[in-house]
Amino acid sequence: MEKFEVVEGKVDWKGRPAFKHKHGGTRSSLLILVAFGFENMATFALAVNLITYFNTVMHFELADAANQLTNYMGAGYILSILMAVLADTFLGRFKTVIISGCLEFLALILLMIQAHYPKLKPQPCNMFDKQAHCEIVGGGNAAFLYVALYTLAIGSAGIKAALPSHGADQFDEKDPKEALQMSSFFNQLLLGVCGGGAASLTLIVWIQDYKGWDWGLGISSAAIFFGVVIFTAGLPLYRMHIVSESSAIVQILQVYVAAIRNRNLVLPEDSADLYEIERDKEASVEEDFLPHRNIYRFLDKAAIQQTPCGQVETPEVSSPWKLCRVTQVENAKVILSMVPIFCCTIVMTLCLAQLQTFSIQQGLTMDTKLTNSFHIPPASLVIIPVSFIILIVPIYDKLFVPFARKLTGISTGITHLQRVGVGLVLSSISMAVAALMEAKRKGVARDHNMLDATPVLQPLPISTFWLSFQFFIFGIADLFTYVGLLEFFYSEAPKSLKSVSTCFLWSSMALGYFLSTIVVKIVNSATKGITRNGGWLIGNNINRNHLNLFYWLLSILSFINFCIYVSVAKRYKYRNHK
């Protein structure tokens, strides 16, 4: 009977075989979604409001504050690769989530302590006063800040690397019913992000701006604590991924090293002559078998088993850096085929970084009045696309996908790559709208002789809600691209590469954030001699900057990137999942 069916390749928390009726499924994934929501509640506000903290509390100049934020965000995403290796080879995904959550809790406590005690931060100073000489955080206080900040980045990386993959582990993609549930899980994952983000962008951002950063960081600490507790409560229900003896990333590197070392060998005419373990050994070594494909043939040289004298060498004594099995080579081919898709998504995060930095600073100069007695923090504007996503995800999942499935015959409604493409187009449109809104904002400042007005204290007579258009459009792009990418990378990767594959998304975002730092510096350097400020984005007075031109540049780059993506996506061949 089905209720006694063992889930292949999964165990329970005691290492016993996992059963479908008892472990995994939507019940256990719900706890994971709630935990992810609390984690995002703890950290989402920092992603959009830290630039204000760096600028007004730690006294970095605006462009430097933006770069500090994007460097922190980039580190949190790029470190997810290392955390995925730890999850797959040493700790397991469950333990990685627990340890990472504890690191985030510790880091937030440290940041709260620094925000509370005056001796641990620079003296208060008005960064918008040209006559003021504000002291930038330095010495031991700077070290305290960076240790706490990058401990938080490590914890965040572990959550990103292990938690989505652990959630997907709760479903068997070989079971048609559970495969659909897994697709819904990835949509609901975004819903969890947005649910936690909504609380973070409203409650925590408001507290940070109006009650103090120490209080805001304290509430963030409580949120991550509850998230870890809720996640741990599901331990008896989870299907656990079996920890591998070797890292999938190391195995891929072995393929490239072996292919280079064997570059002078001649490929056999029959691919059956390439090295592969015998199928009757599958149960003992718990390995998958992938069929050979005639793509990236240069990697096949890693599986040529030949000694210098022409005799077949014994695989047992051959170095794994000299001889790899066909399945191992095919895994490397799968990852290599994803690289062009991966590269085309970096520019989208470059655009996202501007909404988290410069757009927030735009909002600080505008009228933030919501009612006569209540002002909305500019960083809370992100609640607009977040709220829309909360509404649209159930509609997309329950109405659009079934309708599109009937038309296309595709289980997910549209292909993963089509979904990504829609988001890339929208990101270009979002930047164009941002450029138009910035031109309008600067026009108001010019018309009212307020180009040198002090942000917050002297708001421009234009509502900050004008910025909601760019956030709204990019929110839709998020729904399509980032969730589409997460599902694409997970579904296309072989079983041994699941955690690594989801890191493709996080790595793409990391490179986008780092690219933002580089692009800002290049733009300022290139425009140094043609603007009065010494660059498009130089200085703390955003009214005197040329942010609208920077947004137009990003819109054009995004459109060119989309055109390249279309060409790449047409050439991609989906993996056979049978």
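**View 1. Val11 of the predicted model stands opposite Pro17 in strand E2.** Everything in these close-ups comes from a predicted model. Val11 has a second partner across the way too, standing opposite Met240 in E3. Right beside this spot, Lys10 stands opposite His241, again in E3. Zoom out a little and you get the whole open sheet: three strands in the order E2-E1-E3, with antiparallel pairing. Strands E2 (17-19) and E3 (240-241) are at the edges with a single partner strand each, so each has one side left without a neighbour in the sheet.

**View 2. A hairpin links E1 and E2.** Five residues sit between the two strands, and Gly15 in the turn has a positive phi of about 85 degrees. E1 and E2 pair in the antiparallel sense over two bridges. On the E3 side, two bridges join strand E1 (residues 6-11) to E3, and that pair also runs antiparallel.

**View 3. His59 has a positive phi, near 70 degrees, without being a glycine.** For context, most residues other than glycine have a negative phi. You'll find His59 in the loop between helix H1 (25-57) and helix H2 (62-91). Is His59 buried or exposed? At 2% relative accessibility, His59 counts as buried.

**View 4. Tyr296 is another non-glycine residue with a positive phi, here near 45 degrees.** This one is in the loop between helix H8 (282-285) and helix H9 (326-344). Its relative accessibility is 30%, so Tyr296 counts as partly exposed.

**View 5. Phe105, Phe225, Phe226 and Val229 make a nonpolar surface patch of about 370 Å².** Which helix gives the most to the nonpolar patch? That would be helix H6 (residues 213-233), with three residues. Phe225 is placed in helix H6, and with a relative accessible area of 44% Phe225 is partly exposed. If you look at the rings rather than the surface, Phe38, Phe105, Phe225 and Phe226 form one aromatic cluster.

**View 6. Tyr146 and Tyr150 make a tilted aromatic pair.** The count of aromatic pairs comes to 18. In the Tyr146 and Tyr150 pair, the rings are 6.5 Å apart centre to centre, with 40 degrees between the planes. Both residues lie in helix H4 (residues 139-168), four residues apart, which is about one turn of the helix. Why that spacing suits a pair on one helix is textbook geometry: an α-helix has 3.6 residues a turn, so residues three or four places apart point the same way. Tyr146 is partly exposed at 29% relative accessibility, and Tyr150 is partly exposed as well, with a relative accessible area of 26%.

**View 7. Phe171 and Phe185 also form a tilted pair, with ring centres 5.9 Å apart and planes at 45 degrees.** Phe171 comes from the loop between H4 and helix H5 (176-210), while Phe185 is in helix H5, so the pair ties together parts that are 14 residues apart in sequence. Are these two rings buried or exposed? Phe171 is buried, with a relative accessible area of 5%, and Phe185 is buried too, at 0%.

**View 8. Helix H3 (residues 93-116) has the span you'd expect.** Its 24 residues should cover 34 Å at 1.5 Å a residue, and the end C-alpha atoms are 35 Å apart, which agrees. Which residues of H3 are buried? Among them are Arg93, Phe94, Thr96 and Val97. Further along the helix, the buried residues include Ser100, Gly101, Glu104, Ala107, Leu108, Leu111, Gln114 and Ala115.

**View 9. Helix H16 (residues 547-571) reaches 36 Å from its first C-alpha to its last.** With 25 residues, H16 comes out close to the 36 Å expected at 1.5 Å a residue. The buried residues of H16 include the aromatic residues Phe550, Tyr551, Phe562 and Tyr565. Leu547, Asn548, Leu554, Ser555, Ser558, Asn561 and Ala569 are buried in H16 as well.

Notes: Residues numbered from 1 in each chain as written. Predicted model: local features only at pLDDT ≥ 70, side-chain atom pairs only at ≥ 80, totals over all residues. Heavy atoms only, no water. Patch = residues over 30% accessible without salt bridge, like charges linked within 9 Å, V, L, I, M, F, W, Y side chains within 5 Å. Areas by Shrake-Rupley, 256 points an atom, 1.4 Å probe, with all protein chains shown as cover. Salt bridge = Lys/Arg side-chain N within 4 Å of Asp/Glu carboxyl O. Buried < 20%, exposed > 50% of the residue type's maximum accessible area, 1.4 Å probe, protein only. Expected span 1.5 Å × (residues − 1). Pairing = 2+ DSSP bridges. Phe/Tyr/Trp six-rings, centres within 6.5 Å; stacked < 30°, edge-to-face > 60°.
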